Amino acid sequence: MARIFCKYHPTVPARWTCRACGIDFCHRCMQAEGSDTPHCPVCHQAAESLGSGNVIEPFWQRLQAIFAYPLQLHPLLFMLGLTVLGVLIESVAGRTLVGWLVGEIVLYVVFLKYAYVVLERTAAGHLDAVPVTWEAIATELELPFKQFFILFLIYAINASLANSGHTGLLFLSMFLSALLLPASIMVLAIEHSLLSAINPVILLDVMRRIGPPYLLLWLFLFLLMSGSGEVRGMLLAYLPSAFAVPIGGLVSYYVTLVIFHLLGYTIYQYHEELGFHVEQDFEAEAEPEATPAIPGLREVEILFHEGKLDEAKDRLLALVTREPGEMAYRERLHRLLVHTRDIEGLRRHSADYVSRLLLHGKPSEALRVFTDAYRLDREFKFGDAKQRHRMAELLANNGQDRAALALLNNLHRDFPKYEGVPEAYLLVARILSEKFNQDDRARQVLDFIESRYPDSPVLGEVRTYRRVIEQVTAQGG
Ligand SMILES: [Zn+2]
Ligand SMILES: [Zn+2]
């Protein structure tokens, strides 16, 4: 009965498993499209469902909530109302047949009908209390009578065995009827069919589908029923019967609602195994932290975890092609290219990514991505002249002078028409002089600007800067 958890999210119960790879996946790692079974992202074979029983919180871990169920406002008022009504009828009609019929039978039928509605709604995944409405009580009132009939049938079989003196058979029959009763109530609630609810084949199938937890369920029910009997016995022994009877009745209402809610919850927990449709989205409920991961990336992360880096890369390239504007795909691709030291890939894809980040007004991210690539590839370049120039300024501001120089190297050859070349080369001269003390080379760059771009608007600045260098050189020398 231990739950299986996702390999990649160890706190999330697994929803699917791949037998071939031996990997268990949660709902987040693998999302079924519509009603289709998803495929394993690693080996592409169809995955197998682990059943709702693995995903939904098991009933034995939420007993507190199950015991608290009848104490919510609606069921509590309903139980108290029926109890008061019972006392009133008793005091008015006393020991007449009408009094007995109304006080005992009618009230109990009404109550049992409500209990069945509780069971059905819980089975569909609604865990809040059912409001008491006329519709809930009055429609399909035959359900409690079907239940009475089943109980009568069990009693009749056991009584006839007892009379015939077959002690062995009697014990077997009593054991089997007790064992099958919870399954019978569940089947009656789901199918509303008396024949199904007494069909041993169907009942055994329900037990088999739920598996060993069925026995646990049975044990709980047994303890609840005998506990309730004990309490009523004690009430009668220690209290005057005017109090003991109604309080005892209240106790059995309470225990019945707990049992029906518990049976409903068991159907909900195992609804997939039982082939029962639920209304609540149990998969979303099973996700503790709601991190809305971008769908395509789940598969990529799994492939990455499994060391299938080439496949992860192919998958990312396909995603980038399909949705060129989705930066999360480009970011993941970039990190993968860095991880695999794929120089060719960096030059193609991360270069594009840097340009886009600059266009989107994200200079610090662009700087980070560029720096990642530059660390692996001193020749790394990207974008057009303007973008390189902008990046060189960012790099210089960030103290990455060598990278700035490398990026602006041969800018005038790569982009002969770029009008910002003089300004960019003035930056080169500044870096050479101020960061590397290469005044001679700085002067050569300034000469180059003056001779090559005599009409440039930055020429004034170039001349000023040359004088600064010359003064510094004169003082230093
Ligand atoms: Zn997962
Ligand atoms: Zn697989």
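**Two zinc sites and the helices beyond them**

Along the sequence, the donor residues of the zinc ion (ligand 2) follow the pattern C-x2-C-x18-C-x2-C. The structure described here is a predicted model, and this zinc ion makes a convenient place to begin a tour of it. The residues behind the pattern are Cys18, Cys21, Cys40 and Cys43, each of which offers its SG atom to the zinc ion (ligand 2) at 2.2 to 2.4 Å. The arrangement is tetrahedral because the 4 donor atoms subtend angles of 106 to 115° around the zinc ion (ligand 2). Two of these donors can be placed with respect to the protein surface. Cys18 has a relative accessibility of 2% and so counts as buried, whereas Cys21, at 30%, is partly exposed.

A further zinc ion, ligand 1, has its own set of protein donors. Which residues hold the zinc ion (ligand 1)? The donors are Cys6, Cys26 and Cys29, each through SG, together with His9 through ND1, and they lie 2.0 to 2.3 Å from the metal. Read along the chain, the donors of the zinc ion (ligand 1) are spaced C-x2-H-x16-C-x2-C. The angles subtended by the 4 donor atoms around the zinc ion (ligand 1) run from 99 to 116°, which makes this arrangement tetrahedral. Cys6 is buried, with a relative accessible area of 3%, while His9, at 23% relative accessibility, counts as partly exposed.

Attention now turns to the packing of helices. Two packed helices are described by the angle between their axes and the distance between the axes. Helix α3 spans residues 73–93 and helix α11 spans residues 241–269; their axes come within 10 Å and cross at roughly 145°. The crossing of α3 past α11 is right-handed. On the α3 side, the contact is made by Pro75, Met79, Leu80, Leu82, Thr83 and Val87, and these meet Pro246, Leu250, Tyr253, Tyr254 and Leu257 of α11. What is the character of the residues in the contact of α3 with α11? Of these residues, 10 are nonpolar and 1 is polar, and none is charged.

Helix α11 also contains Tyr265. With a relative accessibility of 0%, Tyr265 counts as buried. Its neighbours, leaving out residues up to four places away in sequence, are Ile56, Glu57, Pro58, Phe59, Arg62, Thr122 and Leu127. The C-alpha atoms of Tyr265 and Ser252 are separated by 20 Å, with these positions 13 residues apart along the chain.

Phe148 offers another point of reference, this time in helix α6, which covers residues 142–164. Is Phe148 buried or partly exposed? At 27% relative accessibility, Phe148 counts as partly exposed. Apart from residues up to four places away in sequence, Phe148 touches Tyr108, Val109 and Leu112. How far is Phe148 from Leu427, 279 residues apart along the chain? The C-alpha atoms of Phe148 and Leu427 are separated by 94 Å.

Further along the chain, Gln387 belongs to helix α19, made up of residues 385–397. A relative accessibility of 13% means that Gln387 counts as buried. Not counting neighbours within four places in sequence, the residues in contact with Gln387 are Ser355, Leu358, Leu359 and Phe382. Asp401 lies in helix α20, residues 401–408. Asp401 is likewise buried, with a relative accessibility of 10%. Beyond its neighbours within four places in sequence, Asp401 is in contact with Ala396, Ile431, Lys435 and Phe436.

Two loop residues round off the description by way of their backbone angles. Arg341 is not a glycine, yet it has a positive phi of about 50°. The loop that carries Arg341 runs between α16 (327–339) and α17 (343–359), and Arg341 itself counts as exposed at 59% relative accessibility. Where does Asn410 lie? Asn410 is found in the loop between α20 and α21 (411–414). Its phi is also positive, at about 65°, although Asn410 is not a glycine. Asn410 is partly exposed, with a relative accessible area of 29%.

Definitions and conventions
Residues are numbered from 1 along each chain as its sequence is written. Chains are lettered from A and ligands numbered from 1 in the order in which they are written. This is a predicted model: local features need pLDDT of at least 70, side-chain atom pairs count only at pLDDT 80 or more; totals for chains, interfaces and linings use all residues. Side-chain values use heavy atoms; hydrogens and water are left out. Axes are lines fitted to C-alpha atoms, for helices over the stretch in contact, and angles run from 0 to 180 degrees between N-to-C directions. Helices (H or I, at least four residues) and strands (E, at least two) are DSSP runs, numbered from the N terminus. A crossing is left-handed if the near helix is turned anticlockwise from the far one by less than a right angle, and right-handed if clockwise. Contact means heavy atoms within 4.5 Å. Ala, Val, Leu, Ile, Met, Phe, Trp, Tyr, Cys and Pro count as nonpolar, Asp, Glu, Lys and Arg as charged, and the others, Gly among them, as polar. Donors are N, O and S atoms within 2.8 Å of the metal (3.2 Å for Na, K and Ca); water is not among the atoms, so sites may look incomplete. Four donors count as tetrahedral if all angles lie between 85 and 135 degrees; four count as square planar and six as octahedral if opposite donors are over 155 degrees apart and all others between 65 and 115; anything else is irregular. Buried means under 20% relative accessible area, exposed over 50%, partly exposed in between (1.4 Å probe, protein chains only).
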